[in-house]
Each structure stands twice: as structure tokens, then as C-alpha cells.
Amino acid sequence: MRIDTIDGEHRVMTGMVLDMMKAGDVVTRIDVLRALHDYADEHFCGEETLIEYHGLPGLDIQREQHRKFRAILVSYIDQVQAGERLSVAGIRQFILSWWINHINDVDAVSFAPSALAATVFLSADSWEDYAPFIRATGIDQIDADHRSISNLIIRMKEMLHQEASKEEAVALFDEILAFARSHFKYEEAILADSGAPLGKLHMDSHAHFLVMVENFRGDILFDRLSLSENIRKRLLEWWANHINQFDYDAFGCQELTS
Ligand SMILES: [Fe+2]
Ligand SMILES: [Fe+2]
Ligand SMILES: [Fe+2]
């Protein structure tokens, strides 16, 4: 999904299911099934809350499928408690195939980039609204910069409400450009040192952002455009896509010596 919390929880649950195999061919450990049920319950609640809060699509089908999954796990627990010999392989196959279908068909719709653009990126009021959809690279300086620039872009909403002047809008664009230039410089120094294979594409993407922001700034300065929710959405969307793809791939989970 490229959403850290959800992807991480999916990985933990897949690991829990795979671990069941180690216990033997027949399910004997009710506590393992219970732990899986409880973990899934918590994960589903988190997902539903996020979907509901942001007005993302597919809430009804999510609730329905989550409910069915939990009910099936409860029925497994009941059967084992009643002394039935359930095959681990059967349960494992059901859970993994349910899981793969659900992630690809249902979660993929709720958290599709187009769904996020129409909801989160359009209406985020704060970093807290935006942050769940931004992956951490694990490099403090880079993650802190991502937060700071995101906050500058998010601030446009307040300016829109306050009907800020053209000069104030241009000043904000100048601040974003200055911050982005120094952030990109920092990242590009690391890219150059590491000889990352996609370094050139990554740098092109940075250049594209600067051109986009410069164009918005110029259009506002010369009254061809005024600050709008759509501009803010496009910047937040670019930023999320860039961080989650380029930055995460280049800097995430890396041991950097610099
Ligand atoms: Fe889900
Ligand atoms: Fe970045
Ligand atoms: Fe970058």
C-alpha cells in the first residue's frame, strides 16, 4: 500500500500465519489463533478508522470482509476448543489467500493514489492528517525536512481561509522553494556518493518539483492564477508520491555512513 503502518501490520500477520506451520500439522495452540484474531481485529479497526476519518472509498466492503474474516477465525477457535483436529495447512491456505485477495482488491481501492488525492491531499489540515500516508526513510534529517516542507504546503489552507494577499502567497512559495532546494541538495549529495542506480531519475523528479513550484509562484505573481485548494493538493500529492517512491527506495532501510 506504501503506507508504513498498514504495510507493517500486513507483514506481521503474514508472519504469524507462516509461523503456525512450525507448530505441526494439526492446530493445537488456541492461543496462536486467538493472537492472530486479536491482531487482525486491531489492524482492521485502525484501517476502518483511517478510511472513515478521511472519507476514503470502500468502507462498507472493508467492514463486511473484516467481519467475515474475524468470524471465520472465531469458528476455527470454537472448533479446536470442541476437540476437532483442524489441519494447519488448510487454515494457512485460507488465511493467506483471503489476505492476498483482500489487500489487492479491497485495500488497494481504499488506499489508491487517486483516492488519497481526492480526500487526504485535498483536505489535510495538519501534519497528523498527512503523516500516515508518508513513509519514513529512517534518516532523521530527511524525515524532519519532509515534515517541515509538508507543513509549509499544508499552511496554504489557512492562507486560503484568511484570504491572504498575493504577496503573502508568493512569500510562502519562496519559502517552499528555498527549503526544497536545500533539502534536494542534501539528498543529491547522498545519491551521488552512493551511486544509486535510479539517482538520475530521482534528481529529475526534484527538478520537476522546483519547476512546478516556480511556475505556480510566477502565475500568482503575475495574476494568472490565485492560490487554490487544487494547487495545494497537487503539491501534497507530488510530495507524497516522491517520498514514498523515490526517497523511500533510495534512503529507506539503508545503513548510511555519511
Ligand atoms: Fe482491509
Ligand atoms: Fe525528500
Ligand atoms: Fe528526493
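This is a short walk through one predicted model, taking the nonpolar cores, then a helix pair, then a single residue.

I'll start with the cores. The largest nonpolar core has 25 residues, and Leu 236 and Ala 240 have the most contacts inside it. Four helices give two or more residues each: H6 (120–123), H10 (166–194), H11 (199–221) and H12 (229–251). Of these, H12 provides the largest share, with 6 residues. The core is not confined to one domain: at least three of its residues come from domain 1 (4–111), and at least three from domain 2 (124–251).

What does Leu 236 touch, once neighbours within four places in sequence are left aside? Its contacts are then Phe 121, Ala 124, Tyr 130 and Ile 153. There is also a second core, separate from that one, with 6 residues, among them Leu 191, Phe 246, Ala 250 and Phe 251.

Next, the helix pair. Helix H3 covers residues 59–81 and helix H4 covers residues 88–110; their axes come within 11 Å and cross at roughly 170°. Angles over 145 degrees count as roughly antiparallel, so H3 is roughly antiparallel to H4. On the H3 side the contact involves Ile 61, Gln 62, Gln 65, Phe 69 and Tyr 76, and on the H4 side Ile 91, Trp 98, His 102, Val 106 and Ser 110. By type, that is 6 nonpolar residues, 4 polar and no charged.

Last, Asp 41, which sits in helix H2, residues 30–54. Is Asp 41 buried, exposed or partly exposed? It is partly exposed, because 14 other C-beta atoms lie within 10 Å. From Asp 41 to His 242 is 201 residues in sequence and 32 Å in space, C-alpha to C-alpha.

Key. Residues numbered from 1 in each chain as written. Chains lettered and ligands numbered in written order. Predicted model: local features only at pLDDT ≥ 70, side-chain atom pairs only at ≥ 80, totals over all residues. Axes fitted to C-alpha atoms, helices over the stretch in contact; angles between N-to-C directions. Parallel < 35°, antiparallel > 145°, perpendicular 65-115°, else oblique. Contact = placed C-beta atoms within 7 Å. Nonpolar A, V, L, I, M, F, W, Y, C, P; charged D, E, K, R; others polar. Buried ≥ 20, exposed ≤ 12 C-beta atoms within 10 Å, placed from the backbone. Core = buried A, V, L, I, M, F, W, Y, C linked by C-beta atoms within 7 Å. Domains from an automatic or database assignment.
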